[in-house]
Amino acid sequence: MSAPAAEPAGRATAVAPANIAFVKYWGARDLERAIPVNPSISMTLSRCVSRTTVDLAAGEAPDEVWLGRIDDPGAWTDPGDAFRSRVVAHLDVLRRRHGLARVGPGAGRFRVVTENSFPAAAGLASSASGFAALAVAVASVLRGGGPATRISDLDRGELSSLARASGSGSAARSVLGGYVEWPAPGGAADDPRAVQLATAAHWPLCDVVAIVETGAKQVSSLEGHRRAAGSPYFARRLEELPRRLETVRRAIAERDFPALGAVVEEEAIDLHLVAMSSRPPVFYWAPATLAVLDAVRALRRDGVGAWSTMDAGANVHVLTTPDEEEAVAERLRSVPGVHTVIRDRVGDGPTVTVSRGEPVDEEETAR
Ligand code: PMV
């Protein structure tokens with residue numbers, strides 16, 4: 001990526017989706033740099049997104065960071081110090097990687113406004129979508145050349161690395177659409193970059209999310225990664241992973257839903273087993289989580305293809321096919337303790353819109 005002009009200016013808005021992991025990233029070789037112990041595979045979503053606008057200006061004022069909600073445009077809030085520091089830390093890495101100083105000649109400072117279409121910090125990968133959107137928006141606004149930046153002109157491997165540099169490893173997968181694998185490195189010094197296994201069009205799977213908790217979780221995924229290796233089951237799970245990864249890759253290639261579902265559900269239970277047996281233990285589930293897991297098993301007994309998975313939170317993602325999405329959503333809505341049901345599905349990955357002092361002029365969807 002080329003360095004910006006001495007007096008950079010412009011705006012980029014990136015919309016990046018969350019993703020749901022089929023095989024999870026859990027446990028890090030280097031937590032600060034989000035270097036994973038194991039490879040992971042996910043499906044990029046389409047409705048659960050972060051929209052992040054960055055305005056780039058010269059000058060020495062501090063970066064500004066604001067939080068909003070896509071469904072409530074008037075609701076701008078101060079995100080608080082912890083969130084702001086994480087965003088500014090990521091901006092510092094992005095500045096460094098793009099050869100941009102924070103102060104002095106050629107400096108760039110950012111005003112960032114980021115919004116989620118779904119509850120943040122509730123195990124719905126808001127950090128994945130948020131940091132992927134920030135990496136794409138910053139890379140786009142800093143890219144020299146014409147007035148518009150096409151996301152396909154940006155190097156996806158580099159974007160994956162830039163998103164991961166936020167410290168949220170799962171963000172490395174959200175820069176690509178469809179089905180995505182993020183490999184594990186040979187050593188902590190490596191820079192593992194996500195690759196696409198299949199496009200969204202290859203297999204239109206749905207993810208019906210049962211929201212049982214909308215508040216922030218008590219233990220962050222960062223802390224969960226930190227504690228993971230303390231579980232006596234951590235090493236045992238790693239032994240299982242080559243088989244699971246291979247099954248998931250094959251199931252995606254062959255669109256074999258029962259094979260995919262069975263291994264995804266097994267993997268999610270294992271992740272939570274590791275979390276619950278870490279020291280100190282991490283309990284992400286709420287009572288309604290168990291009720292949803294039960295409802296999903298009941299759906300299968302009724303002949304409906306539905307399989308559950310959970311990231312680091314209490315909410316349950318239920319994978320299903322377009323034909324059965326309605327039946328699954330209806331059943332989940334009736335489970336006591338379920339506040340909302342989000343109907344999402346596999347998507348094409350981030351989009352970006354760039355303008356440089358003139359009206360927005362181009363948008364492109366990445367595939
Ligand atoms: O990207 P992080 O550090 O928030 O960790 C993600 C952890 C899981 O969501 C539980 C698993 C995954 O691979 O997305």
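This talk covers the ligand site of a predicted model and then the salt bridges of its chain.

Let me begin with the ligand. In this predicted model, 13 residues surround the ligand, and the closest are Tyr 25, Ser 170, Arg 173, Ser 221 and His 225. Sorted by class, that shell holds four nonpolar, six polar and three charged residues.

Where does the ligand lie with respect to domain 1 and domain 2? Domain 1 comprises residues 10–200 together with 352–357, and domain 2 comprises residues 206–345. Both domains give residues to the shell, so the ligand lies between them.

I turn now to individual polar contacts. The side chain of Ser 168 places an N or O atom 3.2 Å from an oxygen atom of the ligand. Gly 169 takes part through its backbone, where an N or O atom lies 3.2 Å from a ligand oxygen. A further contact involves Asp 311, whose side chain has an N or O atom 3.4 Å from an oxygen atom of the ligand. As for the surface of the ligand, 380 Å² is exposed when the ligand is taken alone, and the protein buries 95% of that.

My second topic is the charged side chains of the chain. How many salt bridges are there? The count comes to 34 salt bridges, and I have selected three pairs for discussion.

The first pair is Arg 249 and Glu 181, whose side chains meet in a salt bridge with an N to O distance of 2.8 Å. This pair links distant parts of the chain: Arg 249 belongs to helix α5, residues 234–254, while Glu 181 belongs to strand β8, residues 179–182, and the two are 68 residues apart. Arg 249 has a relative accessible area of 27%, so it is partly exposed. Glu 181, in turn, counts as buried because its relative accessibility is 9%, which is under the 20% limit for that term.

The second pair also involves helix α5. Arg 244 and Glu 267 form a salt bridge through their side chains, at 2.7 Å from N to O. Here Arg 244 of helix α5 is linked with Glu 267 of helix α6, residues 257–276, and 23 residues separate the two. Are these partners buried or exposed? Arg 244 is buried, with a relative accessible area of 2%, and Glu 267 is buried as well, at 0%.

The third pair continues from helix α6. Glu 265 forms a salt bridge with Arg 300, and their closest N and O atoms are 2.9 Å apart. Glu 265 sits in helix α6 and Arg 300 in helix α7, residues 287–301, with their positions 35 residues apart in the numbering. Glu 265 counts as buried at 13% relative accessibility, whereas Arg 300 is partly exposed at 24%.

Some of these residues belong to a wider arrangement. A network of salt bridges links Arg 236, Arg 237, Glu 239, Glu 240, Arg 243, Arg 244, Glu 266, Glu 267 and Asp 270. The pair Arg 244 and Glu 267, already described, is among them.

I close with one more arginine. Arg 95 is located in helix α1, residues 81–97. Arg 95 is buried, with a relative accessible area of 2%. The side chain of Arg 95 makes a polar contact with the side chain of Asp 92, at 2.9 Å.

Definitions and conventions. Residues are numbered from 1 along each chain as its sequence is written. This is a predicted model: local features need pLDDT of at least 70, side-chain atom pairs count only at pLDDT 80 or more; totals for chains, interfaces and linings use all residues. Side-chain values use heavy atoms; hydrogens and water are left out. A residue is near a molecule or strand if one of its heavy atoms lies within 4 Å of it. A polar contact is a pair of N or O atoms within 3.5 Å; within protein, one must be able to donate a hydrogen and the other to accept it, and residues adjacent in sequence count only if both atoms are side-chain atoms. Accessible areas come from the Shrake-Rupley method with a 1.4 Å probe; for residues, only the protein chains shown count as cover. Ala, Val, Leu, Ile, Met, Phe, Trp, Tyr, Cys and Pro count as nonpolar, Asp, Glu, Lys and Arg as charged, and the others, Gly among them, as polar. Domain bounds come from an automatic or database domain assignment. Helices (H or I, at least four residues) and strands (E, at least two) are DSSP runs, numbered from the N terminus. Buried means under 20% relative accessible area, exposed over 50%, partly exposed in between (1.4 Å probe, protein chains only). A salt bridge is a side-chain nitrogen of Lys or Arg within 4 Å of a carboxyl oxygen of Asp or Glu.
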